[in-house]
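I opened a new notebook page for this structure. My entries below follow the order in which I looked things up.

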Number of protein chains: 2
Amino acid sequence: MYPNLIKHIRNYVDLNETELPILYKYIKTIQVAKKELLLEEGQICKSNYFVEKGCLRMYYINSKAEEQTFQFALENWWMTDYKSLIDKTPSEYFIQAIEKAQIVSLDYQKQEQLFEELPQMERYFHMIMQRVSALTQLRIKNIYELSKEELFLDFSASFPGFVQRVPQYMLASYLGITAEYVSRLRKKKS
Amino acid sequence: MYPNLIKHIRNYVDLNETELPILYKYIKTIQVAKKELLLEEGQICKSNYFVEKGCLRMYYINSKAEEQTFQFALENWWMTDYKSLIDKTPSEYFIQAIEKAQIVSLDYQKQEQLFEELPQMERYFHMIMQRVSALTQLRIKNIYELSKEELFLDFSASFPGFVQRVPQYMLASYLGITAEYVSRLRKKKS
DNA sequence: CGCGGGTTTGATGATGCTCAAGCCCGGTGG
DNA sequence: CCACCGGGCTTGAGCATCATCAAACCCGCG
C-alpha cells in the first residue's frame, strides 16, 4: 500500500506487521496531477507530505511577482511548511506537483495521537529531522561558499538525473540564479 | 542549577520535580572562557550544546583560509554539527565561545537512554527542531530575497542588541558579506 | 499553422568583491 | 605612564560576477 514509506520508516525504527494498521489509521493517500497544488499561499498548512512517487516543489511569489522555487522533494522525502504547520499561520508558500505524483499525507492534528500509539514514530520523525538539518546546514554552507556557476555545477553533479527532470527555470530559481544565466552556464559547460 | 534549560523544556513538555534528577544524570555543565573552543575541525562532534548564558558561534575555514561564521547561538539555543553527530564523521566546523559562557552539554551517546527514561524529552527535541526548521526556512528565503544591504538591515532590526555584542567581521561573514562592505553599509545608514 | 511557454543570445550596468593603504584604539611591555 | 604594536575598522579605486531588459528563437500542442 505504501511500500516506500514503510521501507523508509523501517530504516530508522521498528514497525511490525501488527502496528501497520495503526499507522494506516492516521495517514491517507493523495493522487495529484502535474501542476496540481497541495498547498496554496494564504492557506494554513495542515499536513506533512511524503512523496511515494513523483516529485514536488515548494515555491513562493517573490517581490517581483515571480515564482521562487524554495525546495524540491523527490521520492522518500517529507515536505511541509513548518512555520504555518506549527503556528497555524497562513502559509507564504505553494506546494505543487511537478509530475503526476502519489503522496502520503499525515495530518498535523493527528500526529500527537499517532505518537501516543506508536512512540517510535516520534523517534522516526526526530531522526529524519536531524538528517534534514544536516543537509540544510550543507545547503547554506554551499550558498556561502560557491559562486553561482559552482552552485550549478555542484547541483548537476549531485543530482545528475534531476536536471533533466525539471524545467530549467525552476532549477534556476532554486539555485538563486536567473534563467538566462543558467542558459549561459549550460552553454559554457559543453 | 540549569534555570534556563528547565524553563525552556517546560515551555514545550511536562517535567516534574521527580523527573529532574533523571535529567541531571544525562547532562553536564561546561564553563568556557571567551574564544575557547567546544568543537574543532577534524573532531567528531559528540554532544548537543545548550547556551545557559553567554554566546556561541559556529564557523569553518573557507577556501580562502578565512573564518566563515555559520551560525550564532544566544541564551536558550541548542547548537551542534548534526552531520558529524549523526554520522560520526569528522566535523568541518569549530564551535567557539564569543563571550565567557555557561553551556549545558548532552552527550549524543546518552540521548537514547534519556529518551527511554523520559520520553517527553524526545518530544521536546522534536518540537524545537520543527521550530528551528521554520527559522531556517526563513533564513534561506531571506538569502534569496534580500540584497546584502537588506540582509544587514533586516538582521540589525531583528536583533538590535546583537550587532553591538559581536565583532563586525563575524557578523559580516555570517551574512555572507565582506567586512569592508558592512563598513560601507553602516556609514550609509547614519 | 499559429500560438505560447520556455530557452537562448546580446548589450548594458549595478551590486558587492578585491586589494591596498591608512586609521583607530585597546592591550602589553618597558 | 608612555610607546608601540596589532587586530579590527574605514576608505578608495578598480573590477568581476551576475542581473536586467529586450529580442529572437525553438518546439510541442491545440
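Before listing neighbours of the DNA, I fixed one term: a residue is near a strand if its C-beta atom, placed from the backbone, lies within 6 Å of it. I also noted that this is a predicted model.

**Entry: DNA strand C**

I looked up what lies around DNA strand C and found 16 residues. The closest are Gln168(A), Tyr169(A), Ser183(A), Ser147(B) and Tyr181(B). I then asked which elements each supply at least two residues of this surface. They are α8 (168-175) and α9 (179-189) of chain A, with α6 (148-158) and α9 (179-189) of chain B. The largest share, six residues, comes from α9(A). By class I noted five nonpolar, four polar and seven charged residues near DNA strand C.

**Entry: DNA strand D**

I repeated the search for DNA strand D. Here 17 residues surround the strand. The closest are Ser147(A), Tyr181(A), Gln168(B), Tyr169(B) and Ser183(B). The elements giving two or more residues are α6 (148-158) and α9 of chain A, together with α8 (168-175) and α9 of chain B. For DNA strand D, α9(B) gives the most, with six residues. I sorted this surface into five nonpolar, five polar and seven charged residues.

**Entry: where chain A touches chain B**

How many residues does the contact take from chain A and from chain B? I found 25 residues from chain A and 25 residues from chain B. On the chain A side, β5 (67-73), α3 (82-87) and α5 (119-145) each give two or more residues. The largest share of that side, 17 residues, comes from α5(A). The residues on the chain A side divide into ten nonpolar, nine polar and six charged.

**Entry: chain A as a whole**

I counted nine helices and eight strands in chain A. Its radius of gyration is 18 Å, close to the 16 Å that the globule rule gives for 190 residues, so chain A is as compact as a globular protein of that length. I noted the span of the C-alpha trace along its principal axes as about 55 × 35 × 30 Å. Of the 190 residues, 27% count as buried. I also looked at contacts between residues at least 6 apart in sequence: 72% of them join residues at least 24 apart.

**Entry: the sheet**

In chain A, I traced an open sheet of four strands in the order β1-β8-β3-β6, with antiparallel pairing. Which strands are at the edges? They are β1 (27-32) and β6 (78-79), and each pairs on one side only. Next I followed β3 (residues 47-53) and β8 (residues 101-107) of chain A, which run antiparallel and are joined by six bridges. One bridge pair I wrote down is Ser47(A) with Asp107(A) in β8(A). Helix α4 (residues 108-117) of chain A packs on the sheet and touches β3 and β8. The direction of α4 makes about 70° with that of β8(A).

**Entry: one residue in the sheet**

I picked Lys53(A), which sits in strand β3 of chain A. Is Lys53(A) buried, exposed or partly exposed? I counted 15 other C-beta atoms within 10 Å, so Lys53(A) is partly exposed. Leaving out residues up to four places away in sequence, Lys53(A) touches Glu75(A), Ala101(A) and Gln102(A). Lys53(A) and Gln102(A) are 49 residues apart along the chain, yet their C-alpha atoms are separated by 5.0 Å.

Key:
Residues are numbered from 1 along each chain as its sequence is written. Chains are lettered from A and ligands numbered from 1 in the order in which they are written. This is a predicted model: local features need pLDDT of at least 70, side-chain atom pairs count only at pLDDT 80 or more; totals for chains, interfaces and linings use all residues. The radius of gyration is taken over C-alpha atoms; the globule rule is 2.2 Å times the number of residues to the power 0.38. A residue is buried if 20 or more other C-beta atoms lie within 10 Å of its own, exposed if 12 or fewer, and partly exposed in between; C-beta atoms are placed from the backbone. Two residues are in contact if their C-beta atoms, placed from the backbone, lie within 7 Å. Ala, Val, Leu, Ile, Met, Phe, Trp, Tyr, Cys and Pro count as nonpolar, Asp, Glu, Lys and Arg as charged, and the others, Gly among them, as polar. Two strands pair if DSSP finds at least two bridges between them. Axes are lines fitted to C-alpha atoms, for helices over the stretch in contact, and angles run from 0 to 180 degrees between N-to-C directions.
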